[in-house]
Amino acid sequence: MNYEELIASRREKQPQKTHLPIGEYFRQQTDGKYHSYLEIRPELNSNIKFSEALKTECQQNSSLTNSHLLHFRPVGESSDIEKIELEQGHYQPLSQLLNDTPAVVAEKGFFDNLTNGLLDAASYLHSKGIYHVCFSPQTVFIRKGDNGVLLLSHGSYYLGMSEPGQLYDGFEDFVAPEVLNRGTVDERCDIYSIGKLLTCVFDSSDMPLEYRRVLKKAVSQSPEDRYSTPEEMLNAINNKRNTYRSAVSFAVAVVIALLCVGLYFELFPETETVEFVKPAPRQATDDLLDDGFRPEELGIVDSDSLTEEERISQQEYQAKAEEIFRKRYEQEADRILSKIYNKNSMNVSEKNFLARNQETVEDLMKAQMQIADEAAISQEKSQLIATEIIERLTEQKKQALGGSNGRGIQK
């Protein structure tokens, strides 16, 4: 609708409607006050199972007390519910908010508040044996003022309909495949739908790193590959965020260390000859991974439930995994650091030296995260070991270059 059509619509007092699975949402002014209504689709009212399900939902919705749920009541005395009136309040469909104020997605905390609200509402509904089924920009409402999440009408009430596709016509992208195929409907259906909604919202903004892998898992085609509960999905987001923050702190520490090394070499006296510093020879060590050791297959459980013998065995496995990481990372870090500790790097301009340092930081972080995953140790533990190894190798190479009378970085 363009601007002229919008003005004409207001003059004619024709309410703007938002299409939802069971009907059309609109606001209408009556006696100087605005009221919110949902007009039921006539073709659905002719379905006996839908009509009975709608009556059941109207009767039960008042007992749902979560702050993320909108309450409503039938309008009129007809045996068939043709329209329902929503509770008073200042709210609007998410689709309307994104259309009228697209910059809202860039506001600090908007994504986190939206995600937390969706998962909290879903968790409450699941505790009551109810599933929303379809989270979309049209079916999720946003409260004005604090952008709180509000939900209206829940899909699990209408599972008895013979054709689910009739109810979700136009919303197929936000409904789990098993729902449309009349498969099992449970918590994982809502996880899929929430993942699809958040992915849709992120299309208009840069997706935070901690959400990328989480949403990829949430929208898996197979229910078994998704998160089992909203709480599990929220914990995954928080864990990814903490890991990312730790990685950033690690990167900052490495950058500072490399800059200090650069300043150290800048103070060296100039000489005419600078020799290459060769990487330390690789020791012929036994790779424990080649001996069939697979840390990820240990099946480590909560230490509180282990016997003393099992606890000692678990500690030995953990120590072995850390030993694998230490050996492999030390070899890789030595190779990476040797790229900048040679005459080609130490005799370049300060600008080029810093650029090479940045590439080195990225390579060190990538190697640390990859080897930690393969060795099945936590990112936090791997960062501590990696930092110690980098500092030691850096000091060794600094002394080696100092002994060969390096000329230093050029201004």
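This is a short chat about charges and rings in a predicted model.

Tutor: Local features here need pLDDT of at least 70, and side-chain atom pairs count only at pLDDT 80 or more. Residues are numbered from 1 along each chain, and side-chain values use heavy atoms, without hydrogens and water.

Student: Why is the contact between glutamate 39 and lysine 17 called a salt bridge?

Tutor: The rule wants a side-chain nitrogen of Lys or Arg within 4 Å of a carboxyl oxygen of Asp or Glu. For glutamate 39 and lysine 17 the closest N and O atoms are 3.2 Å apart, so the pair qualifies. Glutamate 39 lies in strand 3 (residues 33-40) and lysine 17 in the loop between helix 1 (3-11) and strand 1 (18-20), so the bridge ties together parts 22 residues apart in sequence.

Student: How many salt bridges does that rule give?

Tutor: The count comes to 13.

Student: What makes lysine 17 a charge over the face of phenylalanine 26?

Tutor: A charge sits over a ring if NZ of Lys or CZ of Arg is within 6 Å of the ring centre and within 35 degrees of the ring normal. Lysine 17 is at 5.3 Å from the ring centre of phenylalanine 26, so the distance part is met. Lysine 83 also lies over a face, that of tyrosine 37, at 4.6 Å from the ring centre.

Technical notes
Helices (H or I, at least four residues) and strands (E, at least two) are DSSP runs, numbered from the N terminus.
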